Amino acid sequence: AYQTFQRRSIRRALHGRGKQKREELNQPQPLFVSLQRTVDPHVQQKILSLTATQVRQQIIDGRLKCIEVMIAYCLKCDQVNKKVNALFEKHYDAGIKDALELDAVLASKRKESKEAFLSFVCD
């Protein structure tokens, strides 16, 4: 009788998880998941090897975009988190949206004038 109960419990647990997985599949894919393949691994390693000052300067010079930097660091955080399990909640999508907005603002300031861009960046 106990073995039958145990088998039923396992079946119910598996069946319940199956429903949950199907519901998760119907959810829209997070922005981070869809964008993580867009950064070349060599570019990611280059970004991660730079100091914060160097990253800032390359963004100002237009050699890097904020979205590239954000995706590279989100990928690294995700990679490290698989080993150490330190993150309770991941807010990658919010950071990526902020990076996209900042890239748009920087692009518009560059188009306005060099003085407007430099005053925006230096403030």
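This short presentation describes the fold, the core and the surface of one protein.

Please note at the outset that this is a predicted model, in which local features need pLDDT of at least 70, side-chain atom pairs count only at pLDDT 80 or more, and totals for chains, interfaces and linings use all residues. Residues are numbered from 1 along each chain as its sequence is written, and side-chain values use heavy atoms, with hydrogens and water left out.

I begin with the overall fold. The protein contains seven helices and zero strands; helices (H or I, at least four residues) and strands (E, at least two) are DSSP runs, numbered from the N terminus. Of the 123 residues in the protein, 23% are buried. Here, buried means under 20% relative accessible area, exposed means over 50%, and partly exposed lies in between, with a 1.4 Å probe and protein chains only. Contact means heavy atoms within 4.5 Å. Among contacts with a separation of 6 or more, 64% are between residues 24 or more positions apart.

Let us turn to the interior. The largest nonpolar core has 18 residues, and those with the most contacts inside it are Ile59, Leu64, Val69, Ile71 and Leu106. Two or more residues come to this core from each of α4, α5, α6 and α7, and α5 gives the most, with six residues. Such a core is a set of buried Ala, Val, Leu, Ile, Met, Phe, Trp, Tyr and Cys residues joined through side-chain atoms within 4.5 Å.

Helix α4 covers residues 52-61, and its buried residues are Val55, Gln58, Ile59 and Ile60. Which helices do the buried residues of α4 pack against? They pack against α3 (41-49), α5 (66-84), α6 (92-112) and α7 (114-122). Just after α4, Gly62 takes a positive phi of about 90°.

Next, consider Lys76, which lies in helix α5. Lys76 counts as partly exposed because its relative accessibility is 34%. Leaving aside residues up to four places away in sequence, Lys76 touches Gln44 and Leu48. Lys76 and Gln44 are 32 residues apart in sequence, yet 8.8 Å apart in space, C-alpha to C-alpha.

Finally, the surface. The protein exposes about 9,600 Å², of which carbon and sulfur atoms supply 55%; accessible areas come from the Shrake-Rupley method with a 1.4 Å probe, and for residues only the protein chains shown count as cover. Val105, in helix α6, is partly exposed because its relative accessibility is 31%.
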